[in-house]
Amino acid sequence: MAALVEFRKVDYAIGGRAILRGIDLGVEEGETVVLLGRSGSGKTTLLKLVNRLLEPTSGEILFEGRRVADWDPIRLRRRIGYVIQDGGLFPHVTVAENVGIVTSLEGWPAERIQKRTTELLAAVGLPVATFGARHPKQLSGGEKQRVGIARALAADPPLLLLDEPFAALDPVTRFEMQTHFGQLRKAFGKTAIFVTHDIREALLLGTRIALLKDGRLEACVKAEEFAQLRSPEASAFLATLGGGDLERLSAAI
Amino acid sequence: MRLSEIASLSAEHLWLVAIAVWVAMLIAAPTAVLLTRHVRLRRATLAVVNVVQTIPSLALFGFLLPFLGVGKVTAVLALVLYALLPLLRNTVVGILGVDGGVLESAVAMGMTRRQILWKVELPLAFPTILAGVRIATVTTIGTATIAAAIGGGGLGTFVFRGLAMADTRTILAGAVPAAIMAIAADEVLGWVERKFSY
């Protein structure tokens, strides 16, 4: 099967400093590839190359078999959902309007937007009757992220990009969100690229884990094989796990 | 100095202010949007507008006289120049102050440059822009009294007449309504501003 997203020999440098070097990576339809790495490893940069928030210095990225550089950036971005750490919700409009942004940009008729918004808010556990008319500042951190995910799913894009969406949440809420996100992603059959620095999150949500170190792709393995990696960086991440964590995580998966 | 004269000069004063602030906003809004896109142009323009602001109003009126003569047009033009700074600066600050995550999301959702301006940047900058309108209006109400010196009319007419006649009551007939007008404008625009804070 053709990859939904493909990175080919991608380099990215800014001000002469290399951020990404020679990245080759394919993301198949239906899988969640987690980009795991420390701060500054280049994982967020790699994510932003997909929807052209950044342009590579060299190499190319393909989405649906076509170079992203050849896509109209507006069309490209409307086919890719994007979720960031603080949600990036529009503070001046309601929750329902936030979820409806992309569909309204796409010119859907009002009642279809409303139906889709209701359906999505229900799916993320925020019934529209209670939450639809609220403004983002009236939401908790977890609720904001739920709205962010609903918004990203609105126009039914084949791909989701998530940049540490749960990093700012308290541990309990984070775990709830991770579990819920896993179910949602399966239910909606979405492909996802998920950036995190948290090995637990990577093991819990990833079909595959791509380990980045200093802008290089050090390894890309199935989540269940990650524990077998012997590289220093992989060991460094594995060392942050407590005793029994791996077993519990694989049980949770 | 009858009540009816106070009323008509107050109305004239208000007109002068309204037209000046309105014209200044028409100039400031598109200019500010342009300035948010160009760092160098922004620094240069704000510097120039800042300098204009430091010119004493009587001096500026005097400076414009040889070119434009005595009259309402000269008065309005001078008031526009003064109103520009708060409007320009607040609009620029308001747009640049929009949260980076919100902007990034807007771009990533596939909004065009124009949609981002109208649906994200301007609505979110609105409270700050309104604060600028408030400052501009209140200061223009004050400055407009001096416009009477160059034939602008308005409540300044009383002030200058009173000064010429050394008559405190006539001065106050201009100064008090102007002060009340300034306070009222401040209150009303402050109330609108609070309505729009997110």
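Q: Before the sheets: when do two strands count as paired here?
A: Two strands pair if DSSP finds at least two bridges between them. Bear in mind that this is a predicted model.

Q: OK. What is the strand order in the four-strand sheet of chain A?
A: The order is 2-1-4-5, in an open sheet with antiparallel pairing.

Q: Which strands sit at its edges?
A: Strand 2 (17-28) and strand 5 (66-67) of chain A. Each of these pairs on one side only.

Q: How many bridges hold strand 4 and strand 5 of chain A?
A: Two bridges, in the antiparallel sense. Strand 4 covers residues 58-63 of chain A. F63(A) has R66(A) as its bridge partner in strand 5 of chain A.

Q: And strand 1 with strand 2 of chain A, how many bridges there?
A: Eight, again antiparallel, with strand 1 spanning residues 3-14 of chain A. One of the partnered residues is V10(A), which bridges to I23(A) in strand 2 of chain A.

Q: What happens at the turn between strand 1 and strand 2 of chain A?
A: The hairpin has two residues between the strands. G15(A) takes a positive phi there, near 55°.

Q: Switching sheets. What is the order in the six-strand one?
A: In chain A the order is 6-7-8-3-9-10. This sheet is open too, but its pairing is mixed. Strand 6 (80-83) and strand 10 (216-222) of chain A are the edge strands. From one strand to the next, the twist averages 15°.

Q: Strand 6 and strand 7 of chain A: parallel or antiparallel?
A: They run parallel, joined by four bridges. Strand 7 is residues 159-163 of chain A. V83(A) stands opposite L162(A) in strand 7 of chain A.

Q: Which helix lies across strand 6 and strand 7 of chain A?
A: Helix 7 (residues 141-153) of chain A. Helix 7 of chain A runs at about 170° to strand 6 of chain A.

Q: Next, strand 8 of chain A. How many of its residues are buried?
A: Six of its six, over residues 191-196. Both faces are covered. T191(A), I193(A) and V195(A) are buried on one side, and A192(A), F194(A) and T196(A) on the other.

Q: What does F194(A) stand opposite in strand 3 of chain A?
A: V34(A). Five bridges join strand 3 (residues 32-37) of chain A to strand 8 of chain A, and the two run parallel.

Q: And which residue of strand 7 of chain A partners F194(A)?
A: L162(A) is the bridge partner. Strand 7 and strand 8 of chain A are also parallel, with five bridges. The chain passes from strand 7 to strand 8 of chain A through helix 8 (residues 171-188) of chain A, as a right-handed β-α-β crossover.

Q: Now odd backbone angles. What is phi at R52(A)?
A: Near 60°, a positive value in a residue other than glycine. R52(A) is in the loop between helix 1 (43-50) and strand 4 of chain A.

Q: Why does R52(A) count as buried?
A: Because R52(A) has 21 C-beta neighbours inside 10 Å. The cut-off for buried is 20 or more.

Q: What about A166(B), buried or exposed?
A: A166(B) is exposed, with 8 other C-beta atoms within 10 Å. Phi of A166(B) is positive as well, near 50°. A166(B) lies in the loop between helix 7 (156-165) and helix 8 (168-195) of chain B.

Q: Last topic: how many residues does each chain put into the contact?
A: Chain A gives 17 residues and chain B gives 14. On the chain A side, helix 2 (73-78) and helix 4 (101-105) each supply at least two residues.

Q: What classes are they on the chain A side?
A: Nine nonpolar, four polar and four charged residues.

Key. Residues numbered from 1 in each chain as written. Chains lettered and ligands numbered in written order. Predicted model: local features only at pLDDT ≥ 70, side-chain atom pairs only at ≥ 80, totals over all residues. Contact = placed C-beta atoms within 7 Å. Nonpolar A, V, L, I, M, F, W, Y, C, P; charged D, E, K, R; others polar. Axes fitted to C-alpha atoms, helices over the stretch in contact; angles between N-to-C directions. Buried ≥ 20, exposed ≤ 12 C-beta atoms within 10 Å, placed from the backbone. Right-handed = clockwise from strand over helix to strand, strands pointing away.
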